[in-house]
Structures are given as structure tokens and as C-alpha cells.
Amino acid sequence: MIRLENVTKEYPGQTTALVNANADIGKGEFVFLVGPSGSGKSTFLRLLNKQEEPDTGRIFVAGKDIGQMSTWKVPMLRRNIGAIFQDFKLLPTKTVSENVAFALEVIGRPRSVIRTQVPAICELVGLGDKMHKYPGQLSGGEQQRVSIARAFVNRPLILLADEPTGNLDPQTSIGIMRLLDRINKTGTTVLMASHDRGIVDTMRRRVIELSHGEIVRDEARGVYE
Amino acid sequence: MVLRVDYLARETGNNFLRNPTLTVATVVTVAVSLSLLGAFLLIREGVDGFNSRFQDDVEFIVWMNADAAPENVDSVENFLTTSLTVQRATYIDKNATFIEFQEYYADQPEVLDLVEPEQLPTSFRVVPEIADISLIRALGAEIEALPGVSGVDYAEEYIKQLNDFTTWASRIMIFAAVVSALASAMLMYNTIQTGLFARRREIEVMRLVGATNWYVRIPFMMEGLLQGLVGAVFATLSVFALNQAITRALAGENSLRLFESFALSTGSVLLISLYLLIVGAILGGLGAGIAVTRYLDA
């Protein structure tokens with residue numbers, strides 16, 4: 001599903017974000033990217049949906065070399081890759097259901113689809129009774145559920161999660177991980193950057209460890225260290 | 001991809017009303033620059049009409065002395081009718097001149113009371129065979145030397161003076177139009193950038209979930225287009241008003257029939273208005289499109 005071949009990415013004037021990275025991630029896998037801040041986890045994720053371009057190397061997503069992809073196809077790539085973040089990126093002026101519907105609306109899905117999909121996904125993430133609340137009226141965990149609903153409503157092949165529990169307490173984080181696990185069980189490949197040792201050790205999934213931009217460990221059913 | 005009409009209308013409307021002061025400023029500068037452009041086109045059209053009237057009808061007037069002897073008049077007439085370079089010469093006698101004089105000073109009867117037909121100079125209206133200025137000059141010089149002739153007036157002189165004046169006037173106007181169009185394009189660019197900044201979170205999400213760049217771009221382009229069009233509508237109104245004023249001024253008793261080509265027909269003004277609307281729409285749509293593209297590529 002995802003393959004990196006000798007990928008290097010540098011930011012001008014800063015340290016190297018990714019050095020000669022190679023990785024092969026199969027369909028339906030759940031992979032943790034671990035390592036300290038600045039080790040290249042976010043860059044790894046951002047390269048996959050073309051928010052960044054690699055300096056050298058090739059990246060394949062669903063069998064396609066995304067470096068060769070023309071600009072106008074990038075939105076189509078992103079429709080197949082959901083993304084969630086530490087800061088949720090919800091629109092404060094829209095309700096829960098409007099935030100989720102927005103993701104369908106802007107890719108031109110018909111209203112009938114939006115009408116049926118939005119309540120179903122809100123139900124799935126456990127917010128069926130809070131669809132008309134605004135993000136500001138929700139707890140952090142609930143806001144992250146809204147962002148998961150928005151990322152997953154298009155049924156993407158891949159879900160990228162950049163520190164999704166970074167702002168949440170351990171109890172709430174467990175709920176979010178259960179939800180991501182459920183999404184993974186539907187066949188969606190999940191890549192999650194995290195430095196939450198407890199979560200990584202509890203889940204016992206594949207772990208790719210980064211240090212100063214290099215992949216120093218790639219281990220099935222791994223732990224944080 | 002389906003761009004839904006309600007989405008488009010809502011987003012365009014929201015953008016348009018988000019920052020009213022900036023929107024008004026943009027519309028006003030667009031209106032000013034397009035008004036100048038419209039005035040320029042209006043005058044250019046008038047000059048074109050004016051010139052074409054004289055192109056095939058280059059005329060000069062031979063003025064006789066008021067006290068010229070009849071045989072002098074006869075010899076000038078003889079000269080003109082036999083000259084191969086003259087196509088047609090019409091004699092305006094004292095009575096005809098007096099009638100023109102009466103028309104010209106109709107609202108000043110005290111002037112008319114002072115003048116008798118006998119005191120007025122007669123003249124020949126001459127249409128030369130060839131519209132070549134140097135030949136006409138040579139012919140005029142020859143006639144000027146004849147006894148009883150007080151002078152020769154060339155229409156070409158007036159045309160040249162008028163053309164010099166309108167050339168300068170329209171240069172100044174087109175310069176002002178270009179400068180203010182640049183100002184309005186920059187203001188437009190800024191208005192759209194402000195709108196983009198206000199919506200940066202939404203745009204970030206849109207791009208993340210796979211909205212196409214056009215989906216992001218079109219509402220902003222529509223906003224720019226709308227600002228350009230509203231400005232152009234005001235400019236159209238001012239062009240109509242200007243043409244009305246010119247028409248009214250030329251319809252007055254004292255006015256010169258020479259300049260009547262400067263009063264344009266409604267059709268010509270409508271055509272100019274159409275240009276202004278197109279330029280306004282392009283200015284707005286393109287300015288906004290460039291602003292969004294630069295934002296998305298950054």
C-alpha cells in the first residue's frame with residue numbers, strides 16, 4: 001500500500017528531516033512511527049499525501065509513484081488518504097455534522113449521500129447525540145472523534161494520524177485508540193506518529209522508530225523502545 | 001466534480017460581505033478607472049467620427065472683402081470653376097451669409113440690430129478634387145493673391161488643432177485609466193488575500209480532504225468578478241451621463257455643428273458600456289484568480 005525507496009527530505013537551514021528512508025507497509029496494517037520531536041515522524045506522514053515533496057527517492061501509494069503524479073491528481077490522492085492531527089483542525093463556526101459534511105461537500109458528493117453518510121459516521125464515532133454541537137462545546141476527546149469522523153467519512157484506504165492523542169488525557173486516549181483500531185479492522189491502513197509510550201506498548205503493533213531522520217528500527221508487534 | 005450552485009452563491013456572498021469597507025473601496029476604484037477608460041473611448045469615437053466627416057470632404061473657405069467689387073467676385077468664381085483641382089465651389093452671397101449670421105446670433109438680437117446684410121463679407125465654400133493638404137495649400141495661396149480676397153480658412157487647420165487637443169486629452173485619460181486600473185487591480189488582489197486569510201482554516205481542511213484547487217478558487221474568482229462588474233456598472237452610468245452632457249451641450253443654439261460627431265448614438269455608448277463590463281469582469285476575475293493561485297502555490 002505504501003512504499004518508500006531511499007527517500008530523503010531536508011529543510012533548508014535546518015536539520016535533515018528524513019535520510020534515505022526505506023519502508024514497505026501493506027494494506028490493512030497498523031503502524032506506529034515513534035521517536036522524539038524532530039526525528040522526522042511528521043515529515044514521513046506529510047510526504048505521503050504530498051503536503052511535502054521529497055528531495056530524492058520515490059514514494060508509492062496504492063501502487064502509484066506519487067512523485068510522477070500531475071498536480072491536478074493530487075486532490076484525488078488526498079481523497080484516499082484521511083488525516084487527523086493533534087490540534088484537530090475543526091472549523092469552529094460549523095457544528096459537528098457540518099464539519100463532517102464539509103469534507104463531502106467540497107469534493108462534490110451529492111446531498112443525498114451527505115444526508116445518509118454524516119449521521120452514520122457520527123454514530124460510529126460515538127457522537128450521534130452531539131451532531132448539532134459546536135467544537136467549542138465539546139471535550140478534547142470528542143473533538144478528536146469529530147476529526148476522525150471527517151477523515152473517515154470518505155472511506156479512505158489510508159488514515160494518517162499525527163500525534164492524535166498528544167493533547168488528550170490517558171483515559172480519553174484509550175477511547176481514541178479503540179476507535180482507530182475499529183477503523184483499521186475495516187481494512188484501512190493506519191499510520192500513527194506518536195511518542196505516547198503507554199499506547200504503543202499496549203497496542204503491540206508494528207513500530208518504525210526514527211532518530212534524526214533515519215529509520216533505526218522496524219519491528220512487527222513492537223514496543224516503544 | 002460538481003460545483004453546487006448553492007455552495008457557490010453562499011461562499012461568494014459571504015466573501016463579498018465579509019469586509020464591506022474594503023469591498024466598497026475596491027468597487028469605487030474599479031468604477032473610477034473604468035469611467036476614465038469609458039471617457040477615453042467616448043472621445044476617441046467622437047474624434048474618429050469628426051475626422052471621417054472631413055476625410056472625404058476637405059473644405060476651405062475663401063473670404064471676400066465685404067466691399068469687394070462684383071467683378072472681383074466674378075474673377076474668383078471664374079478661377080475656381082475653371083481650376084482642375086477644385087471639384088465644387090459654392091458662393092454664399094450677402095443674403096445667405098446674413099441668414100447664417102441670424103441663426104448664429106439668434107439669442108443676441110442686439111447684435112443682429114447692428115448688422116446689415118451689406119456689411120457682411122461673402123465667401124466661397126470650396127471642395128477640392130484631391131484631399132492632399134500641400135496641394136490645397138498651394139491652391140489657397142494662389143486664390144489669396146487674387147484682388148478682393150481677404151483670406152482663406154482651411155478646415156484642416158481646425159481639424160489639426162482639435163486632433164492635437166484630443167490626442168493630449170486622451171493620452172492623459174488613458175494614462176490615468178491605466179494607473180487607476182493598476183491601483184484597482186492591486187486593491188482587488190488585497191481584498192481577495194484578506195478573504196483568503198480569513199478562510200485559511202477552511203482552505204487548509206478543503207485541501208486536506210481533497211477539494212480541487214478550482215473548487216477553492218472559483219468562489220474567490222466570482223467575488224472578484226462581481227466587484228469588477230459592480231464597478232463597471234457605475235462606470236457605465238457615468239459614461240451615459242457624460243454622453244448626455246455632451247449631447248445637451250451640442251444641441252444648444254450657439255454650438256458648432258462641426259462638433260456634432262462628439263454626441264454619440266445610444267448604440268455606440270452601449271458598445272462602450274459592453275467593453276467596460278467585459279474589462280471589469282476580466283480585471284476582477286483574473287486579479288482574484290491570480291491571488292488565489294499564488295496563495296495555493298505558496
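Okay, so before anything else, one definition: two strands count as paired if DSSP finds at least two bridges between them. Keep that in your heads, and also that what we're looking at is a predicted model.

Let's start with chain A. Using that rule, four strands here form an open sheet, and the order across it is β2-β1-β4-β5, with antiparallel pairing. Who sits at the edges? That would be β2, residues 16-25, and β5, residues 64-65; each has a single partner strand, so one side of each is left without a neighbour in the sheet. If you look at β5(A), you'll see that β4, residues 56-61, pairs with it in the antiparallel sense over two bridges. One spot to click on there is A:F60, whose bridge partner in β5(A) is A:D65. And then there's a helix to go with this sheet: α1 of chain A, residues 41-48, lies across β1, β2 and β4, running at about 120° to β1(A).

Staying in chain A, have a look at two helices, α3, residues 96-105, and α4, residues 111-124. They pack at an angle of about 130°, and their axes are 10 Å apart. The cut-off for roughly antiparallel is over 145 degrees and roughly perpendicular covers 65 to 115, so an angle that fits none of the named ranges goes down as oblique, and that's the label for α3(A) and α4(A). The crossing is right-handed. On the α3(A) side, the residues that meet α4(A) include A:V96, A:V100 and A:L104, and on the α4(A) side they include A:V113, A:Q117 and A:I121. By class, that contact has nine nonpolar, two polar and one charged residues.

One residue I'd like to stop at is A:R145, which you'll find in helix α5 of chain A, residues 140-152. Is A:R145 buried or exposed? The count says buried, because A:R145 has 25 C-beta neighbours inside 10 Å, and 20 or more is what buried takes. Leaving out neighbours within four places in sequence, A:R145 is in contact with A:V125, A:G126, A:L127 and A:L179. For a sense of scale, A:R145 and A:N6 are 139 residues apart along the chain, and their C-alpha atoms are separated by 35 Å.

Right, over to chain B. Here too four strands form an open sheet, this time in the order β2-β3-β1-β4, and the pairing is antiparallel. The edge strands are β2, residues 86-92, and β4, residues 149-154, each pairing on one side only. On average, neighbouring strands in this sheet are turned by 20° against each other, direction ignored. Inside the sheet, four bridges join β1, residues 60-64, to β3, residues 123-128, and B:F60 stands opposite B:V126 in β3(B). Helix α3 of chain B, residues 70-82, lies across β1, β2, β3 and β4, at about 155° to β2(B).

Chain B has a helix pair to show as well: α1, residues 5-18, packs with α9, residues 213-251, at about 55°, with the axes 9 Å apart. That angle makes α1(B) oblique to α9(B). Among the residues making the contact are B:L8 and B:F16 from α1(B), and B:F220 and B:L226 from α9(B).

Last stop, where the chains meet. The contact takes 15 residues from chain B and 13 residues from chain A. On the chain B side, helix α8, residues 200-208, gives the largest share, six residues. By class, that side has 10 nonpolar, two polar and three charged residues.

Definitions and conventions:
Residues are numbered from 1 along each chain as its sequence is written. Chains are lettered from A and ligands numbered from 1 in the order in which they are written. This is a predicted model: local features need pLDDT of at least 70, side-chain atom pairs count only at pLDDT 80 or more; totals for chains, interfaces and linings use all residues. Axes are lines fitted to C-alpha atoms, for helices over the stretch in contact, and angles run from 0 to 180 degrees between N-to-C directions. Two residues are in contact if their C-beta atoms, placed from the backbone, lie within 7 Å. A residue is buried if 20 or more other C-beta atoms lie within 10 Å of its own, exposed if 12 or fewer, and partly exposed in between; C-beta atoms are placed from the backbone. Ala, Val, Leu, Ile, Met, Phe, Trp, Tyr, Cys and Pro count as nonpolar, Asp, Glu, Lys and Arg as charged, and the others, Gly among them, as polar. Angles under 35 degrees count as roughly parallel, over 145 as roughly antiparallel, 65 to 115 as roughly perpendicular and the rest as oblique. A crossing is left-handed if the near helix is turned anticlockwise from the far one by less than a right angle, and right-handed if clockwise.
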